[in-house]
Amino acid sequence: MRLSELTGLWVCVAAILFVGATSFMPAGVYSSWWWMTFWAVVGAGLCAAVVRFRLWRRPAVFALHLSFLLMLAGGGATALTSTRGSVLLHPAVPASSFISADGDTLSLPAAITLEKFEPEYYPGMTVPRDFHSYITTADGRSIHISMNRIGHLDGYRLYQSSFDGRGGSVLSVARDPAGIALTYAGYLLFALSGLWMLVRRRRATGAAMLLLAVASSASAAPAIGVGAADSLASRQVVFNGRVVPFGVMASELTYKLTGRGTVASMSPSRFVASLIVFGDDWRKVPFIKVKGTGLRAALGADGRHVSVAQLYDARGRYKPEALFKDGTGPLDAEILKLDEKVALLAELWRGGLFTPLADDSPERLGAGAVASMLAYVKWQPVRLFFIITLSLASLLLVMQLFRRRVPVGAVAWILTAAGAAIFVWRWTIVGHVPLSNAPEIMTFVAVAFCGVSAFASRQAPLASSFGLLMAGFASLVAWLSFKDPALTPLMPVLASPWLAAHVSVVMVAYALLTFTLPVSVAALAVPSRRQQLVGTSMKFIAPGVYLLGIGIFLGAMWANVSWGRYWAWDPKETWALVTMLLYALPLHRSLGLRSRPALFHIFVALAFLSIIMTYAGVNYLPSQHAYQ
């Protein structure tokens, strides 16, 4: 590698990491003059590269670089010429202006009047599923606006933002014709040119596209009879905004409260029903799990579980309240988790946690759906999947160490099919694409790891076994998270078809890029195979970078539909961009990474840290995408 190549590589790495470092700075940096200057320099550098390497002689590569120039131009146009603000509408009161983000009062192109604001609630709940604003303009036009549904007013876009609780509706107002047009043109050109380039890498593209398409125990207390519990399990109730059998509700609540699937050898249905019928007796039984040792000691708990009675002193005061330090204390995080469990119990005993569904209700599920849901909570397929996957992956690795021929590919394909079936099964249980929280996403990641391992089994069987091991650990993380489920309905903004497209594409991309980690570790351990394994990694880096770019742009378009802003420099957005740019560096022959196998594999292994930051690290930053 020549000195100029090495210098160019580290300059690119430094610039990319600088972009990531801004997520630790105040939000004002993104509107500063030097931030705009930085991106102007990046754009000038892109233009210089196009001229220096005469990229117009390679149409696909030229189009790809042109797509980034269009995105930079679009971002600049948005920053310099767009208008954003909000307007509060009261019923039957015309509004002809809005308040801009800078606090100025600006005129709307036409006066608008709110005819009706209508929240749409989840069945049996006071939690909104969507918000609807019905407005009319001065010239008689009718506009319907809701979450993920934009209203258009003579070049301005109106978005459902919030409401004032008194019948009024708060709308976001945005106007950005030049920025959106340029940026979307860049997205489209990236998609077409990237696909054009990947078609020339037929094996890698086939793998990516097929992947995308497959896209302490409680002491005894009074309990109801086993027969009554079994018959109760199939009774249908409205819980958490959806119709489910009582057994499904009981299973989720049992895991949330106790961290276990059973309590004192009782099924979840029997346990929850016993809580309802014999509430006073169960208040003295330690079944509420407290994870933190410090909080357990402060509460005087003997084991990992406490009783409701232990949470109150002799005067009836709630002990954790005295321990809470307004979010700054060492016990505060665990106290908030305990508060959630206590609130669920209080709602259960108050009779408001679920609502029995009438026998003649049109929302009733069919017998097959009920049986499927009850089978899922009984067998807990994610738990079985992680046990089987970890066991088989460990066995394959041991056999390979003894130089035995093993059917890695066949095992990987079987696990991929099984994981995909579990994913679809859960889809039928929750009623929406299961990609809305951390455990569901980790389940999808585990399936993607299996799929990538299957495709790589011929060229890199040892790396494939490591991939299956990673799939096992991903599903283990998913299972541990499922043991503490989030018992809240889907946010209105997530009730969108964009969710499945954005999250699935991004997670497949991360699976492809992550798979290069075991390949690089194997290459560094076996120097004689380093050059060969460079080619193996490249077969996953190219489609991984392409799919990550597509996933980022899908997320940007979703944000534009929901909030009127396609890019906000949110930490998750920023680090996803950093990850894409870092993994794109090995694709540039001019940087010479592929001619130095040892440096290539060290770089790729270290680049994996950006994926960890993107998925987990940003959870500790103020981000709209944090999976806490």
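Good morning. Contact here means heavy atoms within 4.5 Å. With that in mind, I turn to a predicted model, and I begin with one serine.

Ser-251 touches Pro-268, Val-377 and Gln-380, leaving aside residues up to four places away in sequence. This serine belongs to helix α7, which covers residues 246-258. Is Ser-251 buried or exposed? Its relative accessibility is 5%, so it counts as buried; the cut-off for that class is under 20%.

A second serine, Ser-464, is found in helix α17, residues 461-482. Its relative accessible area is 0%, and Ser-464 is therefore buried. Which residues does Ser-464 touch, again not counting those up to four places away in sequence? They are Val-408, Ser-453, Ala-456, Ser-457 and Phe-515. Ala-456 deserves a further remark: its backbone oxygen lies 3.3 Å from a polar atom of the Ser-464 side chain.

For Ile-388, in helix α14 (residues 381-401), the result is of another kind. The relative accessible area of Ile-388 is 45%, so this residue is classed as partly exposed. Please also locate Ala-264 in the structure. Ile-388 and Ala-264 are separated by 124 residues in sequence, and their C-alpha atoms are 27 Å apart in space.

I now move from single residues to pairs of helices. Helix α3, residues 59-81, packs with helix α4, residues 177-199, at an angle of about 160°, and their axes are 7 Å apart. How are α3 and α4 oriented, roughly parallel or roughly antiparallel? They are roughly antiparallel to each other, because angles over 145 degrees are counted in that way. Their crossing is left-handed. The contact of α3 with α4 comprises 20 nonpolar residues, 9 polar residues and no charged ones.

Helix α4 also meets helix α20, which spans residues 530-563. The axes of α4 and α20 come within 10 Å and cross at roughly 155°. The two helices are therefore roughly antiparallel. In addition, α4 passes α20 in a left-handed crossing. On the α4 side, the residues that make the contact include Tyr-184, Tyr-187, Phe-190 and Gly-194. On the α20 side, among them are Pro-543, Tyr-546, Gly-549 and Phe-553. What classes of residue does the contact of α4 with α20 have? There are 15 nonpolar and 3 polar residues, and no charged residues.

To close, I return to helix α4: it is roughly antiparallel to α3, and it is roughly antiparallel to α20. Thank you for your attention.

Key. Residues are numbered from 1 along each chain as its sequence is written. This is a predicted model: local features need pLDDT of at least 70, side-chain atom pairs count only at pLDDT 80 or more; totals for chains, interfaces and linings use all residues. Side-chain values use heavy atoms; hydrogens and water are left out. Axes are lines fitted to C-alpha atoms, for helices over the stretch in contact, and angles run from 0 to 180 degrees between N-to-C directions. Helices (H or I, at least four residues) and strands (E, at least two) are DSSP runs, numbered from the N terminus. Angles under 35 degrees count as roughly parallel, over 145 as roughly antiparallel, 65 to 115 as roughly perpendicular and the rest as oblique. A crossing is left-handed if the near helix is turned anticlockwise from the far one by less than a right angle, and right-handed if clockwise. Ala, Val, Leu, Ile, Met, Phe, Trp, Tyr, Cys and Pro count as nonpolar, Asp, Glu, Lys and Arg as charged, and the others, Gly among them, as polar. Buried means under 20% relative accessible area, exposed over 50%, partly exposed in between (1.4 Å probe, protein chains only). A polar contact is a pair of N or O atoms within 3.5 Å; within protein, one must be able to donate a hydrogen and the other to accept it, and residues adjacent in sequence count only if both atoms are side-chain atoms.
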